Amino acid sequence: MARKTLVTNWAHPEVLDLLATGGAVEANTSREPWSRAEIIRRANDADALLAFMTDHVDAAFLDACPDLKIVACALKGADNFDIEACRARGIAVTIVPDLLTAPTAELAVGLMIALGRNLVAGDRLIRERPFAGWRPVLYGIGLDGAEVGIVGMGAVGQAIAHRLRPFRCRISYCDARPLSPAAEDALGLLRRDRPELLARSDYLVLAVPLTPASMHIIDTAALADMKPGALLINPARGSLVDESAVADALEAGKLGGYAADVFETEDWARPDRPSQIASRLLAHPRTVLTPHIGSAVDSVRRDIALSAARDILRHLGGRQKDRAPGDGGLSAA
């Protein structure tokens, strides 16, 4: 019987062509995700699923798709995928561990500059009224010499720190698994405990995965411990932050600003996730919000999907070795 791969979201033609070398391919060619019910209907006879951030694979999904042998995720964080449920059914799960690091770090620095230097507010000012020239307004916070705290010093945290070095930032971090002294020296890092990091940072950047332990690590109590007027940057996962508490801190003037590329409403594995971004957050002038574009560099997104496609071909073809750079796995089989 011919193999079938279901691709749940739009992917580059090169990705579909590669998958077609291993069997039938059914793909979503629109830029909007299918509903869960539609994906299950189409995947009930599929051998492989090329999945994206909008997907949620749990036990009920797997029970409805009994032929699945691999779920290849075109992403790094697999919190929307029940790895244990896949393992129990002998279904492999793969991720793309490396290719998202550089563009995500790049966007994080962009969010820092946009929020600190009032780029969105300045753009709005120009568009809302005739420009009459310079005025002493929109004075912000620069990166040069700023105290930056990074929560999490994995690949993304290190990439952010590396990109901040030319700005002469004083960079501190906290992580349950600290770097070696040599690695800290190479990046110019100082390790602090989290309370001290919160209290000292002009910019606080989140760079940890979403786990039960990291859920709402920035809540009302953490926000109260932050330096008054500090800027909070979240390029990682929405539910690291209690968005309602952030809105409260912004309205009270305790938090100087919030920039995010990710939101609680995206975290499908949370049964209590908000259905939408809080209107108070959307309306606040001291926010910069982008639509999850951390890895949205065209060539990078193509390579991420190609990496996931190669994982599918290897698994269905029985070839588990010889991974290309960027390919990776959380193999549950």
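**Helix α11, an open sheet and two nonpolar cores**

Helix α11 is followed by glycine 253, whose phi is positive, near 80 degrees. Helices (H or I, at least four residues) and strands (E, at least two) are DSSP runs, numbered from the N terminus. The model is predicted, so to speak of local features pLDDT must be at least 70, side-chain atom pairs count only at pLDDT 80 or more, and totals for chains, interfaces and linings use all residues. Residues are numbered from 1 along each chain as its sequence is written, and side-chain values use heavy atoms, with hydrogens and water left out.

Helix α11 itself spans residues 243–251, and its buried residues (under 20% relative accessible area, with exposed over 50% and partly exposed in between; 1.4 Å probe, protein chains only) are Glu243, Ala245, Val246, Ala247, Ala249 and Leu250. The cover over these residues includes α10 (220–225), β10 (231–234), β11 (257–260), α12 (279–283) and β12 (287–289). At the start of α11, a side-chain oxygen of aspartate 242 comes to within 3.1 Å of the backbone nitrogen of serine 244.

We turn next to the sheet. Five strands make up an open sheet with parallel pairing, in the order β2-β1-β3-β4-β5; two strands pair if DSSP finds at least two bridges between them. Because β2 (24–27) and β5 (92–94) stand at the edges with a single partner strand each, one side of each has no neighbour in the sheet. From one strand to the next, the twist averages 15 degrees; axes are lines fitted to C-alpha atoms, for helices over the stretch in contact, and angles run from 0 to 180 degrees between N-to-C directions. Strand β1 (residues 4–7) is joined to β2 by four bridges, and leucine 6 has glutamate 26 as its bridge partner in β2. Across β1, β2 and β3 (48–51) lies helix α2 (residues 36–43), which runs at about 165 degrees to β1.

The largest nonpolar core (buried Ala, Val, Leu, Ile, Met, Phe, Trp, Tyr and Cys residues joined through side-chain atoms within 4.5 Å) has 31 residues, and Val148, Ile150, Ile160 and Leu164 have the most contacts inside it. At least two residues of this core come from each of α5 (101–116), β6 (147–151), α7 (155–164), β7 (170–174), β9 (203–206) and β10. Helix α5 gives the most, with eight residues. Apart from this core lies another, of 28 residues, among them Leu232, Leu250, Leu255 and Ala260.

Notes. Contact = heavy atoms within 4.5 Å. Polar contact = N/O pair within 3.5 Å; in protein donor to acceptor, adjacent residues only side chain to side chain.
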